[in-house]
Amino acid sequence: MNEREAEFPALLARLRPQCEALIAQYEHHRSALLPIVQLFQEHEGFVSPQAVRATAQMLDLTPAVVESTVSFYTLFYRKPVGKYVVQICRGLACSLNGAEDVMRIFRSKLGIASLQTTPDGLVSYEEVECLAACDRASCGQVNLEFVYGLDEGAIDEMLAAMRAGTYAVAPMAQTEIPGRSWSVAQNADVARGRKSSGAVGTRSPDNAGGVGDASGVIMLDRIAELGLAFHGATHERSVREAKEIVELAGDHLGTLGNDGRAGH
Ligand code: FES
């Protein structure tokens, strides 16, 4: 157990009142998931496995539900990162307006690739999808604060200020020395080609299922079939509403047989 892990129970005790206040703001407890995870990240510098488990326990969710939410957003880091996380947009508008040059300059000046951290643990660098600031392309974020006008001179100034500790954006908490990369390997089951429950039974290995095609019918069928079990175990909203989903998809379900399966 490292020092951060050893100190986690004390951190949790300190943050619990804030977490409870966040939970009380929402009609549904799980709506507090993102702000609670953000709170832990502010204090630990990343979303640790201990934070995932504590969040799940406070919200009466499974750790898998919390983990799947955390892994969806580039706002959250699942491993220790540098004190400054530089994220450069590689979306279409930014690419058309010089993002390739910006990314090349950052990679060369930092000596690292996307999803890597400098050896001194100061800067983590990532190339991300559209940051929804296309009107000011090309752009990026430092510790989630927007930065614009990133030519070579501005990048030099930014990195010098970070090294001197004078950069305008505050550094992140760093409770653990980051490794070279903070990328998280894809789940081995997924990498091997196993499908989500909604897509089981589809014929094409590339078809993940969807409402508008034959495999979508199978997906709805699976949701309805598994609905009661999920409802009791995980309080999942989508499955609780399976009946309404099935009704909405009436046209597609017209192709189902009496036993609810497609292809009859
Ligand atoms: S493409 Fe870069 S902000 Fe949208």
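## Helix packing and sheet pairing in a predicted model

The buried residues of helix H3 are Ala-51, Val-52, Ala-54, Thr-55, Met-58 and Leu-59. The structure described here is a predicted model, and H3 serves as the starting point for its description. The cover over the buried residues of H3 includes helix H1 (3-24), H2 and H4. The protein chain as a whole has twelve helices and five strands. Of its 264 residues, 25% are buried. Among contacts between residues at least 6 apart in sequence, 61% join residues at least 24 apart.

### H3 and its surroundings

Two packed helices are described by the angle between their axes and the distance between the axes. Helix H2 (residues 33-44) packs with helix H3 (residues 49-59) at an angle of about 150°, and their axes are 10 Å apart. H2 is therefore roughly antiparallel to H3, and the crossing of the two is right-handed. On the H2 side, the contact is made by Leu-33, Ile-36, Val-37, Phe-40 and Glu-44; on the H3 side, by Ala-51, Thr-55, Met-58 and Leu-59. By class, this contact of H2 with H3 has seven nonpolar residues, one polar residue and one charged residue. Ala-51, Thr-55, Met-58 and Leu-59 are thus listed among the buried residues of H3 and also in its contact with H2.

After H3 comes Asp-60, which has a positive phi, near 55°. Asp-60 lies in the loop between H3 and helix H4 (63-72). Is Asp-60 buried or exposed? Asp-60 counts as exposed, because it has 10 C-beta neighbours inside 10 Å. In sequence Asp-60 and His-29 are 31 residues apart, while in space their C-alpha atoms are 8.3 Å apart.

### The sheet

Strands of a sheet pair through backbone hydrogen bonds, either parallel or antiparallel. In this model, five strands form an open sheet with mixed pairing, in the order E2-E3-E1-E4-E5. Strand E2 (116-117) and strand E5 (145-148) stand at the edges; each has a single partner strand, so one side of each is left without a neighbour in the sheet. Helix H6 (residues 99-110) packs on the sheet, where it touches strand E1 (84-89) and strand E3 (123-128), and its direction makes about 150° with that of E1.

The table lists the strand pairs with their sense, their bridges and one pair of partner residues for each.

| Strand pair | Sense | Bridges | Partner residues |
|---|---|---|---|
| E2 and E3 | antiparallel | two bridges | Thr-117 and Ser-124 |
| E1 and E3 | parallel | six bridges | Cys-89 and Val-128 |
| E1 and E4 | antiparallel | three bridges | Val-86 and Val-142 |
| E4 and E5 | antiparallel | four bridges | Gln-141 and Phe-146 |

Strand E4 (residues 139-142) pairs with E5 and also with E1. Another residue of E4, Gly-140, stands opposite Val-147 in E5. How are the faces of E4 covered? Both faces are covered by the rest of the structure in the sense that Cys-139 and Gln-141 on one side, and Gly-140 and Val-142 on the other, are all buried.

Two hairpins occur in the sheet. E4 and E5 form a hairpin with two residues between them, and Asn-143 in the turn has a positive phi of about 45°. In the hairpin of E2 and E3, five residues lie between the strands, and Gly-121 in the turn has a positive phi of about 75°. Positive phi values are therefore given for Asn-143, for Gly-121 and for Asp-60 after H3.

### H6 and H7

H6, the helix that packs on the sheet, also packs with helix H7 (residues 152-164), at an angle of about 40° and with the axes 10 Å apart. This angle makes H6 oblique to H7. The crossing of H6 and H7 is right-handed. H6 contributes Ile-105, Phe-106 and Lys-109 to the contact, and H7 contributes Glu-152, Ile-155 and Leu-159. By class, the contact has four nonpolar, no polar and two charged residues.

Technical notes: Residues numbered from 1 in each chain as written. Predicted model: local features only at pLDDT ≥ 70, side-chain atom pairs only at ≥ 80, totals over all residues. Buried ≥ 20, exposed ≤ 12 C-beta atoms within 10 Å, placed from the backbone. Contact = placed C-beta atoms within 7 Å. Axes fitted to C-alpha atoms, helices over the stretch in contact; angles between N-to-C directions. Parallel < 35°, antiparallel > 145°, perpendicular 65-115°, else oblique. Left-handed = near helix turned anticlockwise from the far one by under 90°. Nonpolar A, V, L, I, M, F, W, Y, C, P; charged D, E, K, R; others polar. Pairing = 2+ DSSP bridges.
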